[in-house]
Amino acid sequence: MQELEPLVKEKIAVWLNGNYDQETKQEIQNLIDSQSYTELTDSFYKDLEFGTGGLRGIIGAGSNRINKYTIGIATQGLANYLHNKYPNEKIKVAIAHDSRNKSDYFARITAEVLSANNIHVYFFKELRPTPLLSFAVRELGCKSGVMITASHNPKEYNGYKAYGEDGGQFVAPDDKLVMNEVAKIRSVDEVKFTAVPENIEYIGEEMDNLYIEKILSLSVSPDAIKRQKNLQIVYSSIHGTGITLVPKALAAFGFENVTLVEEQVEPDGNFPTVVYPNPEEKEALTLAMQKAEELDADLVLATDPDADRVGIAVKNNEGEFVLLNGNQTGALLVNYMLEAWEKAGKFKGNEYITKTIVTSYIIDKIAASKNITCYNTLTGFKYIGQLMTQFQKDKRFIVGGEESYGYLVGDFVRDKDAVVSCAFIAEMTAYYKDKGSSLFNALIDMYIKYGFYKEKLVSITKKGKSGAEEIKAMMERFRENPPISLGGSEVVALKDYELRKERNLITGEVKDIELPKSDVLQFVTEDGSIISARPSGTEPKIKFYCSINEPLSSREEYETTDTKLEVKISNIMADLNV
């Protein structure tokens with residue numbers, strides 16, 4: 001084992017000689033015997049940490065993997081944090097899991113460790129979506145919640161999302177406090193794995209029904225749905241949890257013509273019909289779009305494994321199905337909700353919407369046109385949830401979202417919610433069809449009114465330890481030497497969210513950024529383009545978000561303007577030299 005670093009060898013020895021089960025030890029020994037040194041290094045070179053989305057990693061043996069022991073240590077740390085924060089209180093925690101491999105097993109480990117720490121656990125009997133877990137935390141008066149999921153990651157992954165008492169994922173300072181408690185655990189022997197069964201209470205469909213009832217109360221165009229109840233919808237759960245609630249929500253809203261993609265109905269952690277179970281990927285919607293073409297459907301909906309994200313496809317004016325990106329769907333949803341609220345006379349003057357700094361700025365323009373405040377947060381829906389909790393007593397949240405296909409309507413949940421989103425995207429489609437339009441034409445009309453905003457996300461994957469170092473070096477290079485021009489337009493400002501400073505590159509003027517620290521850079525060009533760079537908190541990727549815009553005067557100009565903007569984005573990425 002000479003090729004391994006001393007720290008890696010030391011950790012391997014701890015696992016081989018410590019209080020770990022024989023199956024785990026054998027898995028490690030097999031890697032040693034086969035001289036899989038890269039795999040061993042990646043499995044042990046660090047401890048899996050809470051990032052922007054909690055724990056997330058590849059399933060397997062090792063300190064940098066998702067397994068019984070890393071889940072157990074995380075849960076023991078969470079239990080210690082909860083006892084510190086709520087001394088002498090009866091602590092309750094809700095737990096749910098998605099369809100991924102071993103999700104049910106990891107959820108059970110989590111429940112057992114919490115129960116052993118004298119914490120009352122509400123345990124969902126069967127797999128359920130992430131937003132229902134967030135809803136249950138608040139509904140049941142819990143101090144925390146845990147969702148076992150790796151969202152839309154490849155099948156090799158699983159993860160652990162930890163929630164606070166507001167139903168949102170932990171944010172500062174509590175995220176660090178949990179991390180510190182986890183880091184204090186020096187040995188797996190400190191984890192209380194022996195369950196106390198009387199501390200575990202099972203919950204089932206009663207929570208589903210309450211949640212659907214609350215969603216239905218938010219509907220703003222029930223009459224349009226009644227007239228368009230036969231709207232042809234094709235839905236795929238991509239082998240995930242959405243199948244448990246999305247069809248129920250659509251039926252509750254009054255949609256009677258929903259076709260399921262049968263090949264993808266069965267929850268399955270191997271996601272056999274797709275390469276990645278990610279509705280952001282066109283390939284994941286292939287079967288749904290084929291079904292939609294057969295049926296001449298109005299709308300395609302597809303949700304990721306834990307049903308917090310939704311991808312959609314609609315018919316263009318040539319009758320072909322096209323995918324909308326997360327910015328387009330989010331902007332349409334905001335535009336529809338604000339118009340519907342205005343029409344219904346629901347504005348009282350204290351409403352607001354939210355989005356993230358890398359989500360389309362057309363949303364800011366739409367909100368401004370209705371005199372509604374639009375708050376921008378850091379990337380990660382937990383920051384939107386934090387804002388909602390901050391404002392819950394004196395402001396009314398209408399809708400929010402982020403470009404990565406996550407949206408929320410209403411304030412019953414503090415995380416992105418594909419169940420409520422599917423219901424409202426269907427309602428929105430019915431509303432425009434009722435007016436003789438389509439979702440595609442509604443999109444173009446929005447661009448004519450507010451400007452054609454085109455966005456594109458370019459992700460570059462860099463795996464393992466060396467990949468993490470490459471990503472770090474790339475961000476340092478951009479900080480020290482920002483590009484002079486992008487897409488033929490001069491870069492006039494650099495926003496560095498790590499330093500919390502915005503620098504005018506022409507005048508040298510520096511302004512503070514009023515958001516928490518985050519490793520994000522934004523380049524703003526003279527013609528209004530915004531290019532953001534950030535390492536992912538949950539995947540081995542660096543992400544570039546390109547946002548450009550120009551006026552659109554008619555529907556007829558849509559295609560040529562779209563092509564022109566696409567070329568400009570390609571030029572910008574070439575200028576970044578990544």
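## Helices, hollows and two backbone details

Helix H8 (205-216) and strand E15 (406-409) each supply at least two residues to the lining of the second largest cavity. This structure is a predicted model, so keep that in mind as you turn it around on the screen. Below you will find the enclosed and open spaces, three pairs of packed helices, and two details of the backbone.

**The second largest cavity**

- Rolling a probe the size of a water molecule over the atoms shows where empty space is left.
- The count of cavities of 30 Å³ or more comes to four, and the second largest of them has a volume of about 60 Å³.
- Its lining is made of 13 residues. To find the centre of this cavity, look for Ile215, Val409, Phe412, Val413 and Asp417, which lie nearest to it.
- Which element gives the most to this lining? H8 does, with three residues.
- Sorted by class, the lining of this cavity has nine nonpolar, one polar and three charged residues.

**The second largest pocket**

- The second largest pocket holds about 920 Å³ of space.
- There are 44 residues lining this pocket, and Asn325, Tyr405, Glu455, Lys456 and Leu457 are the closest to its centre.
- Several elements give two or more residues to the pocket lining. The helices on that list are H12 (326-343), H16 (439-450) and H18 (558-576). The strands are E11 (321-324), E16 (452-461), E22 (530-535) and E23 (541-550).
- Strand E16 supplies the largest share of the pocket lining, seven residues.
- By class, the pocket lining divides into 17 nonpolar, 14 polar and 13 charged residues.

**Helix H1 against helix H2**

- Two packed helices are described by the angle between their axes and the distance between the axes.
- Helix H1 (residues 6-17) packs with helix H2 (residues 22-33) at an angle of about 140 degrees, and their axes are 9 Å apart.
- That angle makes H1 oblique to H2, because only angles over 145 degrees count as roughly antiparallel.
- The crossing of these two helices is left-handed.
- On the H1 side, the contact is made by Ile12, Trp15, Leu16 and Asn17. On the H2 side, Thr24, Lys25, Ile28, Gln29 and Ile32 take part.
- The residues of this contact divide into five nonpolar, three polar and one charged.

**Helix H15 and its partners H12 and H10**

- Helix H12, met above in the pocket lining, also packs with helix H15 (residues 418-434): the two axes come within 10 Å and cross at roughly 65 degrees.
- That makes H12 roughly perpendicular to H15, and the crossing is left-handed.
- From H12, the residues in this contact are Thr329, Leu332, Leu333, Asn335, Tyr336, Met337, Glu339 and Lys343. They meet Phe424, Ile425, Glu427, Met428, Tyr431 and Tyr432 in H15.
- By class, the contact of H12 with H15 has nine nonpolar, two polar and three charged residues.
- Helix H10 (residues 246-253) packs with H15 at an angle of about 40 degrees, with the axes 9 Å apart.
- H10 and H15 are therefore oblique to each other.
- Is the crossing of H10 and H15 left-handed or right-handed? H10 passes H15 in a right-handed crossing.
- Here Val246, Ala249, Leu250 and Phe253 of H10 meet Val419, Cys422, Ala423, Phe424, Ala426 and Glu427 of H15.
- The contact of H10 with H15 has nine nonpolar residues, no polar ones and one charged.
- Phe424 and Glu427 of H15 are worth finding on screen: they meet residues of H12, and they also meet residues of H10.

**Two backbone details in loops**

- Where is Pro173? This proline is found in the loop between strand E5 (157-163) and helix H7 (174-184).
- The peptide bond from Ala172 to Pro173 is cis, with omega near 0 degrees.
- Asn88 lies in the loop between helix H4 (68-85) and strand E2 (92-97).
- Although Asn88 is not a glycine, its phi is positive, at about 60 degrees.

Technical notes:
Residues are numbered from 1 along each chain as its sequence is written. This is a predicted model: local features need pLDDT of at least 70, side-chain atom pairs count only at pLDDT 80 or more; totals for chains, interfaces and linings use all residues. Side-chain values use heavy atoms; hydrogens and water are left out. On a 1 Å grid over the protein atoms alone, a cavity is a set of points where a 1.4 Å probe fits but cannot get out, and a pocket is an open set with protein on both sides within 12 Å along at least five of seven lines; lining residues have an atom within 4 Å of a point. Grid points are joined across faces, edges and corners, and a volume is the space filled by probe spheres set on the points. Helices (H or I, at least four residues) and strands (E, at least two) are DSSP runs, numbered from the N terminus. Ala, Val, Leu, Ile, Met, Phe, Trp, Tyr, Cys and Pro count as nonpolar, Asp, Glu, Lys and Arg as charged, and the others, Gly among them, as polar. Axes are lines fitted to C-alpha atoms, for helices over the stretch in contact, and angles run from 0 to 180 degrees between N-to-C directions. Angles under 35 degrees count as roughly parallel, over 145 as roughly antiparallel, 65 to 115 as roughly perpendicular and the rest as oblique. A crossing is left-handed if the near helix is turned anticlockwise from the far one by less than a right angle, and right-handed if clockwise. Contact means heavy atoms within 4.5 Å.
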